[in-house]
Amino acid sequence: MSVLRFALGNKGSLLDRVLQQGVINHARTKFRAVIFDMGGVVLPSPFPMTKEYELQKKIPPGTIWKTIKDYGDKGAWPKLEIGEINAEEFGQIFSEECTKIAGETVNVHDFLPYLEHGMKSPITEVLDAINCLRQEGYKTALLTNNWIQSDGKSLLPLSKDYFDVVIESAVVGVNKPKYPIYNLCLSQLNVKPEDTIFLDDMQPNLVAAKSLGIHTIKVEDVHVAINELEQQLNIPLTSTNKGTTPVRKEMQFDTRKFTEYLNNQLNMGLTHEPEVREFSHGQSNPTYLIDYGPSVTKMVLRKKPPGKLLPSAHAVEREYRIMKAVGNHGVKVPPLLALCEDSSIIGTPFYVMELVQGNIYKDPSLPGMTPESRKKVYREMVDTLCKIHRVDIDKAGISDYGKHGNYVERQVSIWTKQYQRSETHTIPSMNRLITWLPQHLPTNEVISVVHGDVRIDNFIFRREHPEVVATLDWELSTLGDPISDLAYSCIPHFLPTNFPIISGLKGVNLNELGIPTHEQILEMYCNEMQLPNIDNFDFYMAFSFFRVASILQGVYKRSKQGQASSDKAGVTGKLAEHMSDIGWSFASKEGFRLFNKTNPSIGSGTRNYSTHAANRDMKLPIHVSALPHSTQQLHSNLLQFMEDHVYPVEKSFSEYYSSENRWTPHPELEKLKAKAKSAGLWNLFLPHSDHGAGLCNVEYAYLCEVMGRCLYAPEIFNCSAPDTGNMEVLAEFGTEDQKQRWLKPLLDGEIRSCFAMTEPQVASSDATNIESSIDKDGDHLVLNGRKWWTSGAMDPRMEIIIFMGKNDKNAARHQQQSMVLVPADTPGVEIIRPLTVFGFDDAPVGHGEVVFNNVVVPKENMILEPGAGFRIAQARLGPGRIHHCMRLIGSAERSLDLMKERVKSRVTFGRPLVTRDTILRDIATSRIEIDQCRLLVLMTAHMMDVAGNKAAAKEIAMIKVAVPITVCRVIDRAMQAFGAAGLSGDFPLAGFYAWSRALRIADGPDAVHEAAIAKKELA
Ligand SMILES: Cc1cc2nc3c(=O)[nH]c(=O)nc-3n(C[C@H](O)[C@H](O)[C@H](O)COP(=O)(O)OP(=O)(O)OC[C@H]3O[C@@H](n4cnc5c(N)ncnc54)[C@H](O)[C@@H]3O)c2cc1C
């Protein structure tokens, strides 16, 4: 990012310019000295800070100033000012005084530190004016009512070097508006009162000075006050050399040739070489102040840096072209003098423009201004932006200045690549934005000139009043989407005031200062451009922060390479994270806006079960009837299939899988699978894939619930874990060969698979602990390790294992792991034993303990690439959790159904169970809990569909915790209502319970997900 801060020449007649630059010698006025007050003149005013403080501390408004006024000379405030008490003593006494005035307890112990913090940075324009005064031979003094701080030093947060005389009330023991302090100042300055001008923001102080014969200027807005001072003294008080330094050796150029060029091109008749200074800020195109002396307008030269450059980089020709074009169409830019593309003159192409005088405001809070002026400054910024965006690119002859259309899409892609090239560590919000932004691109982009770096300090304002006289820094300009400029200009609103690089406005009372909020800026812009409100403005904000984060990450990487242990480098790295986190918060806001927009029932309090279907239109279908017709059809076919073919065999399956034959599949299973396949109820889980039903998560969720009503059902439809997750991995990351060899038979339901990650010897909740190894040996990989809880390992049809191990123990923590495909019959693979869950061995699938002893597989069996293990695991888990949760909700619904049936038919103590209050309450509670869970899962599935799996990470973790624990409770109530039968194998309840309990650990235990949720919540 170019950070150009230089003052350039203004438009207007030569005479105007000459006058402004003080070239004509003015008649010296009678004045000899200027006296400045501190707070509200050289430093920001304490008045707004006091109001802010009262607001924050919930002190009745106005209490503090009323206390100071009412107590007068007897109060703590003047005692503090004359150093009679220090800050600490003041806190105590002043709290008591304020308490009396307010009629309630008021604690103002931290009032002074609060003021000290807010008043620590001097107003640069005033310091600049003081420098000019001294250069012109005027004496300057600081005359302040200050105090002794708790560290024993007087409050003076600026250098004494700016002044010939410094009079501090706390040091001299007398304060304004008492005459002795003025007289002291005058005598130290050795001037008469009538030779002096005094600037203060408090009327009583001015009155006293005036009565001594001192000329006074009341400071409400420092810029206006400086302007008045300029008029009184008849000299300019803005340094033209501001922000410049002597030219560095490597940046010097041939000024003789340059002068010749100017004479040839502009016929300037220059007879000597100029004084040249370099603008000091770290801009990428070196920029110089050119001064040929009083009779020639000062100029600014901008050139390419020396050395070899990429053809498109540092294109000063482009800058010149765009400034010329927009300047001819109503946009204020510095008057351009010449473009020279001939490198033989000063070594590189360059251009020259006139220097514009004016104010550049570096601090967006515009210290020292009145609220009215601040409002005008921001209004001007927006108006100028509108002028830029209204330039007719055809008429201005710049329709080829950039590509047409898809600006934001191209930008997202450019900055994504740039970020990925400079990635040094994982920034989760950045990764989420990389997924989210392309999915939410604006669809109605218009094309206009885009400035590319709109910030308050890229405008020069007229000194007398806030009017833009030039727009600077066109280096990033192009043709594109104008709203991106507007959003970018609002970045400071979301950064803290002490943010490095760009000062922010966060936490500042904008209303009080007169600065428009970002919403008001948007409104001003829309009104001026006659646009309807920009609904997706938060998208543009997310994009703006993403772009800045990517730039900062680039800076970080470069600085890290240069100075690996520098603290500064570390700080820049953190800035990128901070920016991308803010970007993500806008993305989340925009996500919810879309979500709410498409689901008007949510949040409105209206119950709407017939919310219109089709999540592809971004609507959350909260009932089956709201699904697309084709999915409703699948749902009803599935229900029918369950009735016709699954429930009737459930008992027989249950008995079979408890018998000694249980390690072979039920003989009817293959027939049922064939029936399901021919009924089109097959591989329903693969979303948006060539291989499956092409359903999105929320559609499939409804089908999953149906399948979850019977533990044996998912396999019949080829939708059972762990095969579903493994198939997703192969579909997404597998090579063509891997797909052919393993995915195809899995999709056809001919073989089964398992996933071997968990290890008995380490806590595998933290998968970075796993110890199994993957070593390269020529064209082969050698695997060693012991795994357990490998679900599916016992199944005789299991032919392929996805093995997770470490291939590089020295890599970054989450890049040590890889996944490898291991055919089950590879020598060295040994299945030791089946594990049980509450005594259930889940035959024929089983959960195996498996040893891998020097297992050798071809290197082509690696999935994706070495080090990608975590990435793959993450991708595998999102949809899998929706599946598990919706199946559990199916189990809960079935349990509640069974319970309702049962309690109607059982009588105890003369009454059917269904009449008992406890039973009724249990039924009601279960209904509430099931519906709560379902909605949460559907919302999560919907977020995955509209915003992507990463965007829904928190919600995925939430359902993973909420659903198993809730479903356990629902099943538990059903079991209780059943009595002993509920725990038996005669009903599916015990099996459901064991599985839902297991799911509080399988796929990662609750605590791990809770920690992730809390982290995101607190982020
Ligand atoms: C039925 C079933 C099927 C499974 N199927 C598979 C499979 O197919 N493939 C596979 O690889 N694995 C499988 N697993 C294993 C499962 O993924 C692991 O058991 C799980 O990840 C936990 O690891 P662990 O058992 O090593 O527990 P540990 O890591 O030893 O953790 C023990 C306990 O510590 C607590 N804990 C952990 N982290 C935190 C934290 N950050 N804060 C607070 N407390 C914490 C939790 O309460 C946790 O339960 C299955 C497990 C079950 C029960």
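# Close-up views of a predicted model

**Figure 1. Ser-544 sits in helix α21, which runs over residues 537–562.** The model shown here and in the following figures is predicted. Ser-544 counts as buried because its relative accessibility is 1%, below the 20% limit for that class. From the side chain of Ser-544 to the backbone nitrogen of Tyr-488 the distance is 3.4 Å. Tyr-488 also appears in the contact list of Ser-544, together with Ser-484, Ala-487 and Ile-491, once neighbours within four places in sequence are set aside.

**Figure 2. The ligand is surrounded by 20 residues.** Those that come nearest are Phe-755, Thr-758, Ser-765, Trp-789 and Ser-791. By class, the shell holds 13 nonpolar residues, six polar ones and one charged residue. Three of the named residues place N or O atoms opposite polar atoms of the ligand, as follows.

- Ser-765: an N or O atom of the side chain is 2.5 Å from an oxygen atom of the ligand.
- Ser-791: a polar atom of the side chain is 2.8 Å from a nitrogen atom of the ligand.
- Trp-789: a backbone N or O atom is 3.0 Å from a nitrogen atom of the ligand.

On its own the ligand has 980 Å² of accessible area, and the protein covers 66% of this. Two or more residues of the shell come from each of the elements β18 (780–791), α32 (989–998) and α33 (1006–1018).

**Figure 3. Trp-789, in strand β18, has a positive phi.** The phi angle of Trp-789 is near 55°. Most residues other than glycine have a negative phi. With a relative accessible area of 34%, Trp-789 is partly exposed, because the value falls between the limits of 20% and 50%. That figure takes only the protein chains as cover. Trp-789 is also one of the residues that come nearest to the ligand.

**Figure 4. The loop between β21 (829–835) and β22 (847–858) contains Pro-844.** The peptide bond that leads from Ala-843 into Pro-844 is cis, and its omega is near 0°. Phe-838 is placed in the loop between β21 and β22 as well. Its phi is positive, near 50°, although Phe-838 is not a glycine. Is Phe-838 buried or exposed? Phe-838 is exposed, since its relative accessible area is 58% and the class begins over 50%.

**Figure 5. Ala-721 and Pro-722 are joined by a cis peptide bond.** Omega is about 0° for this bond. Most peptide bonds are trans. Pro-722 belongs to the loop that links α26 (713–716) with α27 (723–733).

**Figure 6. The largest nonpolar core has 95 residues.** Which of its members touch the most others? They are Tyr-700, Phe-717 and Val-963. Helix α29 (residues 869–905) gives this core its largest share, 13 residues. Apart from this core there is another one of 68 residues, including Val-468, Cys-490, Ile-534 and Ile-551. For Val-963, the residues touched are Cys-885, Leu-888, Ile-889, Cys-933 and Val-937, with those up to four places away in sequence not counted.

**Figure 7. Asp-394 is located in the loop between α15 (371–390) and α16 (407–422).** Asp-394 counts as exposed because its relative accessibility is 57%, which is over the 50% limit. Between the C-alpha atoms of Asp-394 and Pro-492 the separation is 33 Å. Along the chain these two residues are 98 residues apart.

**Figure 8. The side chains of Gln-56 and Tyr-114 form a polar contact.** Its length is 3.5 Å. Gln-56 lies in helix α2, residues 46–57. The relative accessible area of Gln-56 is 48%, so the residue is classed as partly exposed.

**Figure 9. The whole protein, given as context for the close-ups, has 33 helices and 24 strands.** Taken along the principal axes, the box filled by its C-alpha atoms is roughly 115 × 80 × 55 Å. The protein has 1019 residues, of which 56% count as buried. Its exposed area is about 43700 Å², with 52% supplied by carbon and sulfur atoms. Of the contacts between residues at least 6 apart in sequence, 71% join residues at least 24 apart.

Notes: Residues numbered from 1 in each chain as written. Predicted model: local features only at pLDDT ≥ 70, side-chain atom pairs only at ≥ 80, totals over all residues. Heavy atoms only, no water. Near = heavy atom within 4 Å. Polar contact = N/O pair within 3.5 Å; in protein donor to acceptor, adjacent residues only side chain to side chain. Areas by Shrake-Rupley, 256 points an atom, 1.4 Å probe, with all protein chains shown as cover. Helix = DSSP H or I, 4+ residues; strand = E, 2+ residues; numbered from the N terminus. Nonpolar A, V, L, I, M, F, W, Y, C, P; charged D, E, K, R; others polar. Core = buried A, V, L, I, M, F, W, Y, C linked by side-chain atoms within 4.5 Å. Buried < 20%, exposed > 50% of the residue type's maximum accessible area, 1.4 Å probe, protein only. Contact = heavy atoms within 4.5 Å.
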